[in-house]
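Me: Please take a close look at a single part of this structure, one loop and its surroundings. I am new to the structure, and I would be grateful for one connected account that also places this part within the whole.

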Amino acid sequence: MRYDKEIYFEKLNPGKLNEETGNYDDEVVAVSTLDWASIMNTSDDTKQLVYGNIKQQSLTIQIQNVFDGAFDRIKFNGKYYRVDSERTLGLKQTFIVSEIQ
């Protein structure tokens, strides 16, 4: 298994209330942490177990270490992903993620 794909664990700061307009400003990325991963498409059997149906745009991401920092999303190839399932096995960690629309 090759860990040759760049991913970023991103922690977001929520936007602040703009008193003049009454709207919230856009979220800002507070911390972005680089890691290297092995990334593959999630099998249909795993999708069935995690989601209860076949969900499109789902990936399985495995890293060689355990990431213990707080994060809101994962960025890969310019797209953002939400963690749907996480599993830690010894020194490796696996995430099943789906794309944020």
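Reply: Strands are DSSP runs of type E with at least two residues, and they are numbered from the N terminus. In these terms, Asn77 lies in the loop between β4 and β5, the latter covering residues 79-89. The model under discussion is a predicted one.

Asn77 is a suitable starting point. Most residues other than glycine have a negative phi. Asn77 is not a glycine, yet its phi is positive, at about 55 degrees. The residue counts as exposed because its relative accessibility is 65%, and the limit for that class is over 50%.

The setting of this loop may now be described. The protein contains one helix and six strands, and from the N terminus on the elements follow the order β-β-α-β-β-β-β. Its C-alpha atoms fill a box of roughly 50 × 30 × 20 Å along the principal axes. Of the 101 residues, 30% are buried. Among contacts between residues at least 6 apart in sequence, 57% join residues that are at least 24 apart.

One side of the loop is formed by β4, and Arg73 belongs to that strand. Arg73 makes a salt bridge with Glu10, in which the closest N and O atoms are 2.7 Å apart. Since Arg73 lies in strand β4 and Glu10 in strand β1, this pair ties together parts that are 63 residues apart in sequence. Both partners are buried: Arg73 has a relative accessibility of 15%, and Glu10 has one of 5%. Arg73 takes part in a further arrangement, for its charged end sits over the ring of Tyr80, 3.8 Å from the ring centre.

Tyr80 in turn leads to Glu99. Leaving aside neighbours within four places in sequence, Glu99 is in contact with Gln57, Lys79, Tyr80 and Tyr81. Glu99 is found in strand β6, which covers residues 92-99. Which side chain of opposite charge is nearest to Glu99? It is that of Lys79, 4.3 Å away. Because a salt bridge requires a nitrogen of Lys or Arg within 4 Å of a carboxyl oxygen of Asp or Glu, this distance does not qualify, and Glu99 is buried without a salt bridge.

In the structure as a whole, five salt bridges are found. One of them joins the side chains of Arg82 and Asp84, with 3.2 Å from N to O. Arg82 is partly exposed, at a relative accessible area of 38%, and so is Asp84, at 27%. Salt bridges with shared partners also link Arg2, Asp4 and Lys5 into one network. Within that network, Asp4 is bridged to Arg2, and the closest N and O atoms are 3.5 Å apart. Asp4 counts as partly exposed, with 35% relative accessibility, whereas Arg2 is exposed, with 64%.

The strand β4, at residues 73-76, also supplies part of the nonpolar interior. The largest nonpolar core has 13 residues, and Ile7, Ile61 and Ile63 have the most contacts inside it. At least two residues of this core come from each of β1 (5-13), β2 (28-41), β3 (58-63), β4 and β6. The strand that gives the most is β3, with three residues. The surroundings of Ile63 illustrate how distant parts of the chain meet. Not counting residues up to four places away in sequence, Ile63 touches Tyr3, Ile7, Phe9, Asp35, Trp36, Ala37, Lys92, Gln93 and Phe95.

Two residues in that list, Phe9 and Phe95, reappear among the aromatic rings. The structure holds five aromatic pairs. One of them is formed by Phe67 and Phe71 and is edge-to-face, with 5.6 Å from centre to centre and 70 degrees between the planes. The angle places it in that class because planes over 60 degrees apart count as edge-to-face. Phe67 itself counts as buried, at 17% relative accessibility. Ring pairs connect Phe9, Phe67, Phe71 and Phe95 into a cluster.

To return to the loop: Asn77 is exposed, whereas Arg73, in the strand β4 that borders the loop, is buried and has its charged end over the ring of Tyr80.

How values were computed: Residues are numbered from 1 along each chain as its sequence is written. This is a predicted model: local features need pLDDT of at least 70, side-chain atom pairs count only at pLDDT 80 or more; totals for chains, interfaces and linings use all residues. Side-chain values use heavy atoms; hydrogens and water are left out. Helices (H or I, at least four residues) and strands (E, at least two) are DSSP runs, numbered from the N terminus. Buried means under 20% relative accessible area, exposed over 50%, partly exposed in between (1.4 Å probe, protein chains only). Lys and Arg count as positive and Asp and Glu as negative; His and the chain ends are not counted. Contact means heavy atoms within 4.5 Å. Rings of Phe, Tyr and Trp (its six-membered ring) pair if their centres lie within 6.5 Å; planes under 30 degrees apart count as stacked, over 60 as edge-to-face and the rest as tilted. A charge sits over a ring if NZ of Lys or CZ of Arg is within 6 Å of the ring centre and within 35 degrees of the ring normal. A nonpolar core is a set of buried Ala, Val, Leu, Ile, Met, Phe, Trp, Tyr and Cys residues joined through side-chain atoms within 4.5 Å.
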